[in-house]
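Hi,

Here is the structure I promised to send over. Have a look at it first, and then read on for what turned up.

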Amino acid sequence: APGVWLAIVLAVLMAVVMRQTIFGRYIFAIGSNEATARLCGIRVQWMKLGVYSLAGIFFGLAGLRAKF
């Protein structure tokens, strides 16, 4: 099933992003303590927008894949 392979690839990709990029480290910081992340200089609102946008793209891919 191609949908399963797509999910596996996206999961591996996000695991790499979360562990190896600044974006991932900021997400962990915001998830741990949003107020502290803000005080450390992380643009929390922009990061949240990025995370929700990325999630929306993944949900769209899942819905698109389910149609075929």
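Below are my notes, going from the overall fold to the core, a few single residues and the largest pocket.

Please keep in mind that this is a predicted model.

**Overall fold**

The protein has 4 helices and 0 strands, so from the N terminus on the elements read α-α-α-α. With a radius of gyration of 14 Å, well over the 11 Å that the globule rule gives for 68 residues, the protein is more spread out than a compact globule. You can see this in the C-alpha trace too, which spans about 45 × 20 × 15 Å along its principal axes.

Of the 68 residues, 15% count as buried. The accessible surface comes to about 5300 Å², and carbon and sulfur atoms make up 71% of that surface. As for contacts with a separation of 6 or more, 38% of them are between residues 24 or more positions apart.

**The nonpolar core**

In soluble globular proteins, nonpolar side chains tend to be buried together. Which residues form the largest nonpolar core here? There are 7 of them: Met18, Ile27, Ile30, Ala37, Ile42, Val44 and Met47. Helices α2 (22–32) and α4 (44–67) each supply at least two residues of this core.

Three of its members are good places to start looking:

- Met18 is in contact with Gly24, Arg25, Ile27 and Phe28, leaving aside its neighbours within four places in sequence.
- Ile30 sits in helix α2 and counts as buried because its relative accessibility is 12%, under the 20% cut-off. Not counting residues up to four places away in sequence, Ile30 touches Ala37, Ile42, Val44 and Met47. From Ile30 to Arg19, 11 residues away in sequence, the C-alpha to C-alpha distance is 15 Å.
- Ile42 belongs to the loop between α3 (34–39) and α4. Its contacts, with neighbours within four places in sequence left aside, are Tyr26, Ala29, Ile30, Ala37 and Met47.

**Buried or exposed?**

Is Ile42, out in a loop, buried or exposed? At 10% relative accessibility, Ile42 counts as buried. Ile42 and Ile27 are 15 residues apart in sequence, and their C-alpha atoms are 9.6 Å apart in space.

Leu39 makes a useful companion to look at. Leu39 has its place in helix α3, and at 76% relative accessibility Leu39 counts as exposed, since the cut-off is over 50%. The C-alpha atoms of Leu39 and Ile27 are separated by 14 Å, with the two residues 12 apart along the chain. So in this stretch the loop residue Ile42 is buried, while the helix residue Leu39 is exposed.

**The largest pocket**

Rolling a probe the size of a water molecule over the atoms shows where empty space is left. The largest pocket holds about 150 Å³ of space. It is lined by 10 residues, and those closest to its centre are Leu6, Ala7, Leu10, Phe58 and Ala62. Which helix gives the largest share of the lining? That is α1, with 6 residues. Helices α1 (2–20) and α4 each supply at least two residues of the lining. Helix α4 therefore turns up twice in these notes, in the lining of the largest pocket and in the largest nonpolar core.

Happy to go through any of this with you at the screen.

Best wishes

Notes:
Residues numbered from 1 in each chain as written. Predicted model: local features only at pLDDT ≥ 70, side-chain atom pairs only at ≥ 80, totals over all residues. Heavy atoms only, no water. Rg over C-alpha atoms; globule rule 2.2 N^0.38 Å. Buried < 20%, exposed > 50% of the residue type's maximum accessible area, 1.4 Å probe, protein only. Contact = heavy atoms within 4.5 Å. Areas by Shrake-Rupley, 256 points an atom, 1.4 Å probe, with all protein chains shown as cover. Core = buried A, V, L, I, M, F, W, Y, C linked by side-chain atoms within 4.5 Å. 1 Å grid on protein atoms, 1.4 Å probe; cavity = no way out; pocket = protein on both sides within 12 Å on 5 of 7 lines; lining within 4 Å. Points joined across faces, edges and corners; volume = space filled by probe spheres on them.
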